[in-house]
Amino acid sequence: MQTIDTPTQTSLSHKLYEKAKTLTPSGVHSPVWAFQSVGGHPFYIERGDGAILTSVDGDQYIDFVNGWGAIIHGHNHPKIRAAVHEASSKGNTFGAVSPYQIPLCELVVEAVPSIEKVRMCNSGTEATMSAIRLARGFTGRNKIIKFSGCYHGHLDALLVKAGSGPLTFGNPDSAGIPPAFANETLLLEYNDIDAIKGALQAYGSEIAAIILEPYIGNCGHILAKPGYLQALRQLCTEHGVLLIFDEVMTGFRQALGGVQEKEGITPDITCLSKIIGGGLPVGAFGGRAEIMEMLSPAGPVYQAGTNSGNPVTMASGTAALQLIKEEPPYALLEQMCQQLRSALLEAANKKGLALQVPQSVGMLSCFFSETPVHNYNEAIQTETSLFNKLFHFALERGVYLPPSAFEAWFLTTAHHGAALDKACEVLSEGIKHL
Ligand SMILES: *Cc1c(COP(=O)(O)O)cnc(C)c1O
């Protein structure tokens, strides 16, 4: 296994990063890109093709970030690229209706069980922000429930994670958010149905919505216990609370219809992003027609976007979803993820290290822990320093893992074969060296 150059004093990546830091806070446009959690410096990516990223210094990496899950067919897929070029040749934005919006909306409505009507926006954050406003407008209630470890983008009301008990109101995680903005956010632990029952008994008539990642992908990968999501659905219905599934990450990755299809649950509102843009910035939210008709201009809930439904993005997303529909990738992704999971567990077993590898379809993560992880509290008690060592061992040998122990790993259909085999070899070797 050859070792490759990671950014050094003389590399072009290093020079670009030093320049970027003079222009942009920490040199990055989103925090995790700075490698703060694993240490070291990011490498600058010149291009991506299939499973492989090539850095500006010419080093190649097998990619397990894949645009944080946005990429499911590998980078630079020829059909998506062609769709983008075709749309872009007619102009990039009109701020108006365009025929490119229809097929993507049709594909989403057809695929996602809960979505009768959908509105496009520009990011996952916009989707969850609009969904929360819509739920408040529809129910006439103010409070919302979220879960520790679920990430819904960076809107004020949902940047809340730490709470000291099941019924404490959250404190903001970020400076610059007035406590009052998060006061209406009730924070609970995921996978604990009694906590929900208690909260709904105490505040049921004031709660507009419960929002969650049905399977968590932003605190490592955490799966729902059997029956948990079904119980949530039933309790929401009993209390007139809207159930919002944030399927920004899981939508079109876990199944064509997302986790809701797999688990047979119909949420009231669903948020999407990532895969449905085919790699371009996008967001969307949808649900029952009766709820969606509350949106402006017909309804009283305001929501808008200069670039919403952008023709180039719509063409890109349509091409990606058509590829998925023509040849569903889920069985292959499941098989590949299991191959990777087995390799990791076998290596850890040989080494005598306690490792958990929660996995579902095209997503997994590694928790160095004796016991399975069911929620945020358990996740933060796992041994992240071992992950950080594994990250650097892998990076030096051309395997790029997400630069934090608490991010999910994503596979694409392009990883099938040589790329995945090599990654399994490198990661097994890495665990041996921990
Ligand atoms: C990525 C993500 C978001 C935020 O999307 P942005 O496009 O980064 O604003 C929201 N929810 C979930 C579950 C995500 O994974």
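Which residue in E2 does Gly 48 stand opposite? The partner is Leu 53, and the pair is a handy way into this predicted model. Local features in the model need pLDDT of at least 70, side-chain atom pairs count only at pLDDT 80 or more, and totals for chains, interfaces and linings use all residues. Residues are numbered from 1 along each chain as its sequence is written, and side-chain values use heavy atoms, with hydrogens and water left out.

Gly 48 belongs to the pairing of strand E1 (residues 45-49) with strand E2 (residues 52-55), which is antiparallel and has 4 bridges. Strands here are DSSP runs of E with at least two residues, helices are runs of H or I with at least four, and both are numbered from the N terminus. Two strands count as paired if DSSP finds at least two bridges between them. The hairpin of E1 and E2 has 2 residues between the strands, and Gly 50 takes a positive phi near 60° there. Next along, E2 and E3 run antiparallel and are joined by 3 bridges, with Thr 54 facing its bridge partner Gln 60 in E3. This hairpin has 4 residues between the strands, and its Gly 58 has a positive phi near 85°. Put together, these strands belong to an open sheet of 4 strands in the order E1-E2-E3-E13, with mixed pairing. E1 and strand E13 (399-400) are the edge strands, each pairing on one side only.

Beyond E3, the loop between strand E3 (60-63) and helix H2 (78-88) holds Asn 76. Asn 76 is not a glycine, yet it has a positive phi of about 60°. Most residues other than glycine have a negative phi, and most peptide bonds are trans. The peptide bond from Ser 296 to Pro 297 is cis, with omega near 10°; Pro 297 sits in the loop between helix H9 (289-292) and helix H10 (311-326).

Another open sheet has 7 strands in the order E4-E10-E9-E8-E7-E5-E6, again with mixed pairing. Strand E4 (117-121) and strand E6 (185-188) stand at the edges with a single partner strand each, so one side of each has no neighbour in the sheet. From one strand to the next, the twist averages 20°. Inside this sheet, strand E7 (residues 207-212) pairs with strand E8 (residues 242-246) in the parallel sense over 4 bridges, and Ile 210 stands opposite Leu 243 in E8. Helix H3 (residues 101-111) lies across E4 and strand E9 (269-272), in contact with them (heavy atoms within 4.5 Å). H3 runs at about 130° to E4, where axes are lines fitted to C-alpha atoms, for helices over the stretch in contact, and angles run from 0 to 180 degrees between N-to-C directions.

Then there is the ligand. The residues around it (a heavy atom within 4 Å) include Ser 123, Gly 124, Tyr 151, His 152, Asp 246 and Lys 274. The shell divides into 3 nonpolar, 6 polar and 3 charged residues, with Gly counted as polar and Tyr as nonpolar. Some polar contacts (N or O atoms within 3.5 Å) can be picked out. A backbone N or O atom of Gly 124 lies 2.8 Å from a ligand oxygen atom. A polar side-chain atom of Asp 246 lies 2.7 Å from a ligand nitrogen atom, and one of Lys 274 lies 2.6 Å from a ligand oxygen atom. On its own the ligand has 380 Å² of accessible area (Shrake-Rupley method, 1.4 Å probe), of which the protein covers 83%.

Notes:
A polar contact is a pair of N or O atoms within 3.5 Å; within protein, one must be able to donate a hydrogen and the other to accept it, and residues adjacent in sequence count only if both atoms are side-chain atoms.
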